[in-house]
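Below are some remarks for your consideration, set out as numbered points to be read beside the model.

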Amino acid sequence: MSKWTAVTPLRKEKHFIVSGVVPPDDDKLPAEQFVLEAVYSGNSQIIHWRELLDEERWIQGWK
């Protein structure tokens, strides 16, 4: 359950936690998608782990 901060919040959704893992179609492959849940609203979205590396959109931890 890692924590993330949106650089540009939308709909007051700034802080997020990784609340789940989307299992890959092939059990031999690593998971690449995660469920990201907004702390403020509880809204969830599926996100590819590479998107979280974009420093213009995401900061690891809560700021």
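1. In this predicted model, the strand that gives the most to the lining of the largest pocket is β1, with 5 residues. Strands β1 (3-10), β2 (13-22) and β4 each supply at least two residues of that lining.

2. The largest pocket holds about 240 Å³ of space, and 14 residues line it, with Ala6, Leu10, Phe16, Gln45 and Trp58 lying nearest its centre. By character, the lining divides into 6 nonpolar, 4 polar and 4 charged residues.

3. Turning to the pairing of strands, β3 (residues 33-38) and β4 (residues 44-48) run in the antiparallel sense and are joined over 5 bridges. Within this pair Leu36 stands opposite Gln45 of β4, and Gln45 is also among the residues that lie nearest the centre of the largest pocket.

4. The hairpin formed by β3 and β4 has 5 residues between the strands, and in this hairpin Gly42 adopts a positive phi near 85°.

5. Is His48, a residue of strand β4, buried or exposed? His48 counts as buried because its relative accessible area of 19% falls under the 20% cut-off, although the value should be read with that limit in mind.

6. The surroundings of His48 can be described through two residues: leaving aside neighbours within four places in sequence, His48 is in contact with Glu32 and Gln33. With Glu32 there is also a polar contact, made between the side chains of His48 and Glu32 at 3.3 Å.

Conventions: Residues are numbered from 1 along each chain as its sequence is written. This is a predicted model: local features need pLDDT of at least 70, side-chain atom pairs count only at pLDDT 80 or more; totals for chains, interfaces and linings use all residues. Side-chain values use heavy atoms; hydrogens and water are left out. Two strands pair if DSSP finds at least two bridges between them. Helices (H or I, at least four residues) and strands (E, at least two) are DSSP runs, numbered from the N terminus. Buried means under 20% relative accessible area, exposed over 50%, partly exposed in between (1.4 Å probe, protein chains only). A polar contact is a pair of N or O atoms within 3.5 Å; within protein, one must be able to donate a hydrogen and the other to accept it, and residues adjacent in sequence count only if both atoms are side-chain atoms. Contact means heavy atoms within 4.5 Å. On a 1 Å grid over the protein atoms alone, a cavity is a set of points where a 1.4 Å probe fits but cannot get out, and a pocket is an open set with protein on both sides within 12 Å along at least five of seven lines; lining residues have an atom within 4 Å of a point. Grid points are joined across faces, edges and corners, and a volume is the space filled by probe spheres set on the points. Ala, Val, Leu, Ile, Met, Phe, Trp, Tyr, Cys and Pro count as nonpolar, Asp, Glu, Lys and Arg as charged, and the others, Gly among them, as polar.
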